[in-house]
Each structure stands twice: as structure tokens, then as C-alpha cells.
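Q: Could you take a close look at one part of this model for me? I would like to see how its aromatic rings and the helices around them are arranged.

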Amino acid sequence: MTDPLLTVDAVEVRYGAALALAGLSLTVAEGSVLAVVGPNGAGKSSLARVLGGLVRPTAGTIRFAGRDVTGWGAHRARQAGLVHLPEGRGVFTGLTVAENLRMAAAIVPRSERADAVGRAYTLFPVLAERRRQLAGSLSGGEQQMISLARGLIVSPRVLVADEMSLGLAPKMVDVVFEGLSEARGAGVTIVLIEQYVHRALAFADHCVVLHRGAAAWSGPVAEATDDVLARFLGTSAA
Ligand SMILES: Nc1ncnc2c1ncn2[C@@H]1O[C@H](COP(=O)(O)OP(=O)(O)OP(=O)(O)O)[C@@H](O)[C@H]1O
Ligand SMILES: [Mg+2]
């Protein structure tokens with residue numbers, strides 16, 4: 001067995017008195033997809049934020065590609081290939097589509113930037129058509145494409161996608177999954193936080209069900225039967 005690409009060990013996240021992650025442990029193998037599901041407030045976004053370096057854990061360690069990255073900031077994590085796509089898009093609405101993509105490409109070596117942005121336009125042709133438009137004038141789904149494109153531009157090793165399909169029309173959800181599928185095909189490891197549990201499970205290799213900041217259940221998706229989901233996820237399984 002090779003070491004996991006990502007290891008979360010007894011990680012705790014607090015916001016003042018609120019305990020969002022209560023000593024969570026999990027591992028993610030390189031090239032695999034981990035679906036993270038759970039009810040509202042379970043700690044899914046907190047996991048995404050602590051992986052992406054947006055919040056510091058109050059206890060525990062995070063290891064990525066053989067290094068202890070606990071407490072690394074967002075910039076450093078992103079540069080190392082651990083890329084967080086925040087819930088609610090993380091798009092600069094006052095900038096054009098092209099500016100958003102160029103900003104993301106700023107950490108790519110200069111000689112590779114144009115190619116990286118070009119690949120994003122190939123994957124999401126609608127962004128190429130809208131490149132001169134302000135990002136804020138695009139639809140929710142199109143802004144989600146910008147977010148995903150920004151993540152893919154930096155050739156991430158791990159993509160942490162937090163509720164990318166939230167508020168999107170079914171057709172746009174398909175587009176988001178196409179983008180994720182493309183990333184996975186390129187060998188990107190994905191931590192997928194999704195409200196559409198069955199969709200997430202169909203895409204993922206492993207699943208963890210969070211409840212009050214801890215893993216209520218985890219295992220291969222084949223074992224995440226409707227029974228298991230009903231038991232650990234309650235009515236939100238559908
Ligand atoms: N900035 C904050 N300040 C205080 N409490 C917070 C903050 N962010 C999250 N929390 C609390 O931490 C807990 C976990 O929140 P988190 O956003 O991680 O949940 P989630 O699983 O992503 O929920 P959702 O499905 O609604 O997105 C919740 O109880 C929430 O109220
Ligand atoms: Mg959330």
C-alpha cells in the first residue's frame with residue numbers, strides 16, 4: 001500500500017465556542033474521489049476550508065503528499081496543488097471572465113499560462129464566448145464554471161469542491177460534473193462535497209458521512225447502500 005495523498009488526523013475546527021470539526025480523521029488515496037456528505041451544519045465546508053488553508057485547525061494534523069501542511073495558508077496550499085473551490089463560487093464578480101482566469105493562472109509558470117487558460121476555454125466554451133463580460137453578469141451556473149476553471153488552471157493535485165452544484169439547473173450540474181470528470185481523468189484527486197448524494201456516490205470511490213463534525217460512517221461507495229444512507233444521513237439521503 002502506498003501512503004495516502006491526503007491524511008486528516010484528529011482535526012478539530014472551532015469558530016469561537018462552536019465546534020465544527022470534532023477530531024475528524026480520514027485519508028484520500030491519490031487519484032481517487034472522496035464524497036463528503038452530511039446534513040446542514042455537519043462540518044462539510046469546515047473540512048473544505050481547513051484543507052484549503054482558509055481556517056486553521058485548533059487540533060490535529062493534515063498531511064499532503066508526504067508533508068505536514070497543518071496551518072498552511074490558502075496561498076501556500078494552492079501553490080502546492082491543494083486547491084479549494086469555495087462554496088458560493090469564489091469568483092471576482094467585478095472582473096471580466098478573462099481577468100478571473102488570468103488571475104488564477106498567475107501562480108502557473110509564465111510560459112504555461114496561455115495554455116492553461118486555453119484549456120479552460122476549451123473545457124467551457126461558454127466562458128470563451130463571454131470572456132470580456134463581467135463575471136458578475138453571468139448566470140450562477142456559468143459563474144460556477146469560472147470557479148471550476150480557476151481551480152483546474154493551476155493543475156491541482158487535489159481539488160476540494162464544496163457544493164458546486166448548489167442552486168444550479170440540472171443541465172448546469174451536468175456541466176460541472178463533466179468538468180470534474182475531466183479533472184479526474186487527468187489524475188486529479190477530488191474531495192467532493194455534494195448535496196446530490198446519489199450523484200456524488202455514483203462519481204466517487206469512497207464516501208464519508210459527517211455528523212456533528214465527525215465521521216458517522218465511511219467506506220467504499222459500493223457499501224453506501226440506501227440502508228446505510230438512511231441510517232446515517234436520515235431523510236436528506238434523497
Ligand atoms: N464562521 C463561522 N462562525 C461560527 N460558526 C460557524 C462558522 N462557520 C460555520 N459555523 C458552524 O460550524 C458548523 C459546521 O458548519 P459548516 O459550514 O462546516 O457545515 P456544512 O456541513 O458545510 O453545512 P451546509 O450543508 O449547510 O453547507 C455549523 O454548526 C455552523 O453553524
Ligand atoms: Mg457547507
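A: Happy to help; here is a walk through the ring contacts and then the helix packing.

Please keep in mind that this is a predicted model. The structure holds 1 aromatic pair. Its partners are Phe177 and Phe203, whose ring centres lie 5.6 Å apart with the planes at 80°; planes over 60 degrees apart count as edge-to-face, so this pair is edge-to-face. The pair links distant parts of the chain, with Phe177 in helix α7 (residues 170-185) and Phe203 in helix α8 (residues 197-203), 26 residues apart. Both Phe177 and Phe203 are buried.

The ring of Phe203 has another neighbour to look at: the charged end of Arg184 sits over that ring, 4.8 Å from its centre. A contact of this kind also involves Trp72, where the charged end of Arg76 sits over the ring at 3.9 Å from its centre.

Now back to α7, the helix that carries Phe177. Helix α6 (residues 140-153) packs against α7 at an angle of about 5°, and their axes are 10 Å apart. Angles under 35 degrees count as roughly parallel, which makes α6 roughly parallel to α7.

On the α6 side, the contact is made by Gly141, Glu142, Gln144, Met145, Leu148 and Leu152. These meet Met172, Val175, Val176, Gly179, Leu180 and Ala183 in α7. Sorted by class, the contact between α6 and α7 has 8 nonpolar, 3 polar and 1 charged residues.

Definitions and conventions:
Residues numbered from 1 in each chain as written. Chains lettered and ligands numbered in written order. Predicted model: local features only at pLDDT ≥ 70, side-chain atom pairs only at ≥ 80, totals over all residues. Heavy atoms only, no water. Phe/Tyr/Trp six-rings, centres within 6.5 Å; stacked < 30°, edge-to-face > 60°. Helix = DSSP H or I, 4+ residues; strand = E, 2+ residues; numbered from the N terminus. Buried < 20%, exposed > 50% of the residue type's maximum accessible area, 1.4 Å probe, protein only. Lys NZ or Arg CZ within 6 Å of the ring centre and 35° of its normal. Axes fitted to C-alpha atoms, helices over the stretch in contact; angles between N-to-C directions. Parallel < 35°, antiparallel > 145°, perpendicular 65-115°, else oblique. Contact = heavy atoms within 4.5 Å. Nonpolar A, V, L, I, M, F, W, Y, C, P; charged D, E, K, R; others polar.
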